[in-house]
Amino acid sequence: MIENKDKKQWIAIENWIYAVIRPNQLLLYNTRTGQYMISQESEHVSIVAKMHEKKNLGVILFEEDWFENQKILSFIEEAVEKNIFTLEDYREDGLKPIRLMPVLNIQKDVERMKRNPDRSAGESSLSYLTELSLYVNDSCPLHCKHCGQLNKQFMCCGRDKDDFSLDAGVLAKIAAQIKYAPIMKLNILGGDIFSYPLLDKIPEIFSDKKEQLHFWSHYKNFQAPNFDAVWEIVVDLPVDEQVLSYCVSESIKQKTQYNYHFIIQNEEEVNLVEKIINKLDIQTFEMHPCYSGENIDFFESCIFLNKEDIFGDTISQRRIFCNQALNSNFFGSLTVFSNGDVAAQVNVPVLGNISTDSLLELITRELEQNTAWRKVRNVPPCNDCLFQYLCPPVSSYEAVFKRENLCALY
Ligand code: SF4
Ligand code: SF4
């Protein structure tokens, strides 16, 4: 509580507060409760800037003339109420209180690794690999309208006229290299993977990672498999219900996990998908918005971030630090294409080829070149925005739209 001017007080910013100070604006975000304050008042900006001066260690004296300034008084009152600032009595014989602010300090960070490329840092890189996606072939009998665009936006199959496929030797080489990597998801995609002659051999080749295998198929290409696995079924609209219900009945028979990925382009399709999942009693599904080049309105109204989306859930200090250091959408993930090329994801430059480069070399290259894993919001307009590291990390959609931000704010 703010006392009268005869009583001196300290004012401290709590160390769970994420503060963004720009020349003319300020954000104070409580990472415990999600409460926040935004101000364009220069007096407010300078109070918080002063708290952040090294010598002040988050705590300054409540200045006498602030009692005459209603703008400052109500700012401090609101910050105290939101558990952003605290007031402490000043004691002539007491020590100045301090608040140690957490700072991002990754001891073995990548920039340091680049400056001191020692063997051990390189070798530990394989421990970053948590997701590997293999496009085993690229032929497909179907002709989906947006094929080739879909897998640039979200995980999906994709055909190619070149008709390459990964041979058994390449699969075995990959399996040997990932034996001790902490892979959580090993995606097998095509084309049409049912036309890939080695499909049935994959669980055996990757026997060490059997539990992590996810097989991706368009529902119209799907055939009853003769091995247990997790299936990721791609469904575009309009849906052939008879064919889709075949997949659903197989999943019930096999008792393995089937996840359905519906591709939607507008709100009507969202409603249609809801009807289908209810009718067929589909339990596990995701909807993936597809930018067709003609549905920008749908993206603007339903997909682009607004302030309510950003502040909808409490964002932890850990999440904010993570957003400053790496891209959690892409970090740890590599894609091997059917010609052996390897990239951090479908939209970014190729890092090398699996036939000539080891996964360790490719990961080290990604850590150095940063095509995706450490893409953070550090370029305009995001680097000028108060919400820079509160916003979710850059996704594949930004690349598709050829812009750095997908929000309604800038
Ligand atoms: S099923 Fe997949 S690979 Fe085949 S045409 Fe459709 S999107 Fe392309
Ligand atoms: S400009 Fe960037 S950081 Fe700011 S709200 Fe938009 S996407 Fe988020």
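**Two ligand sites, a nine-stranded sheet and some backbone details**

Ligand 2 is surrounded by Ile-310, Arg-377, Cys-382, Cys-385, Phe-387, Gln-388, Cys-391, Asn-405, Cys-407 and Tyr-410. The structure is a predicted model, and the space that ligand 2 takes up in this model is the largest cavity. By residue class, the shell around ligand 2 is made up of seven nonpolar residues, two polar and one charged. Cysteine counts as nonpolar here, so Cys-382, Cys-385, Cys-391 and Cys-407 of this shell belong to the nonpolar group.

The other ligand site can be read in the same way. Ligand 1 lies in the second largest cavity. Around ligand 1 stand Cys-140, Leu-142, Cys-144, Cys-147, Leu-150, Cys-157, Gly-158, Arg-159, His-218 and Asn-221. This shell divides into six nonpolar residues, three polar and one charged. Glycine is counted as polar, so Gly-158 from the shell of ligand 1 falls in the polar group.

Next comes the sheet. Nine strands form an open sheet with mixed pairing, in the order E12-E11-E10-E9-E8-E7-E13-E14-E15. Its edges are strand E12 (285-289) and strand E15 (350-353), each of which pairs on one side only. On average, neighbouring strands of the sheet are turned by 20° against each other, direction ignored. Strands of a sheet pair through backbone hydrogen bonds, either parallel or antiparallel. At one edge, strand E11 (residues 258-264) pairs with E12 in the parallel sense, over five bridges. Within this pair, His-261 is placed opposite Glu-286 of E12.

A helix lies against the sheet. Helix H5 (residues 168-178) packs on it and touches strand E7 (131-135), strand E8 (185-189) and strand E13 (333-336). The direction of H5 makes about 180° with that of E7.

Three places in the loops have backbone geometry to look at. Which peptide bonds are cis? One is the bond from Leu-237 to Pro-238, with omega near 0°. Pro-238 is located in the loop between strand E10 (230-235) and helix H7 (241-254); E10 is also a member of the nine-stranded sheet. Another cis bond, again with omega near 0°, runs from Pro-380 to Pro-381. Pro-381 is found in the loop between helix H12 (359-369) and helix H13 (396-401). Residues around ligand 2 include Cys-382 and Cys-385.

The remaining place is Leu-57, which has a positive phi of about 45° although it is not a glycine. Leu-57 belongs to the loop between helix H1 (42-51) and strand E5 (59-61).

Key
Residues are numbered from 1 along each chain as its sequence is written. Chains are lettered from A and ligands numbered from 1 in the order in which they are written. This is a predicted model: local features need pLDDT of at least 70, side-chain atom pairs count only at pLDDT 80 or more; totals for chains, interfaces and linings use all residues. Side-chain values use heavy atoms; hydrogens and water are left out. Two strands pair if DSSP finds at least two bridges between them. Helices (H or I, at least four residues) and strands (E, at least two) are DSSP runs, numbered from the N terminus. Axes are lines fitted to C-alpha atoms, for helices over the stretch in contact, and angles run from 0 to 180 degrees between N-to-C directions. Contact means heavy atoms within 4.5 Å. A residue is near a molecule or strand if one of its heavy atoms lies within 4 Å of it. On a 1 Å grid over the protein atoms alone, a cavity is a set of points where a 1.4 Å probe fits but cannot get out, and a pocket is an open set with protein on both sides within 12 Å along at least five of seven lines; lining residues have an atom within 4 Å of a point. A molecule sits in a cavity or pocket if more than half of its atoms lie within 2 Å of its grid points.
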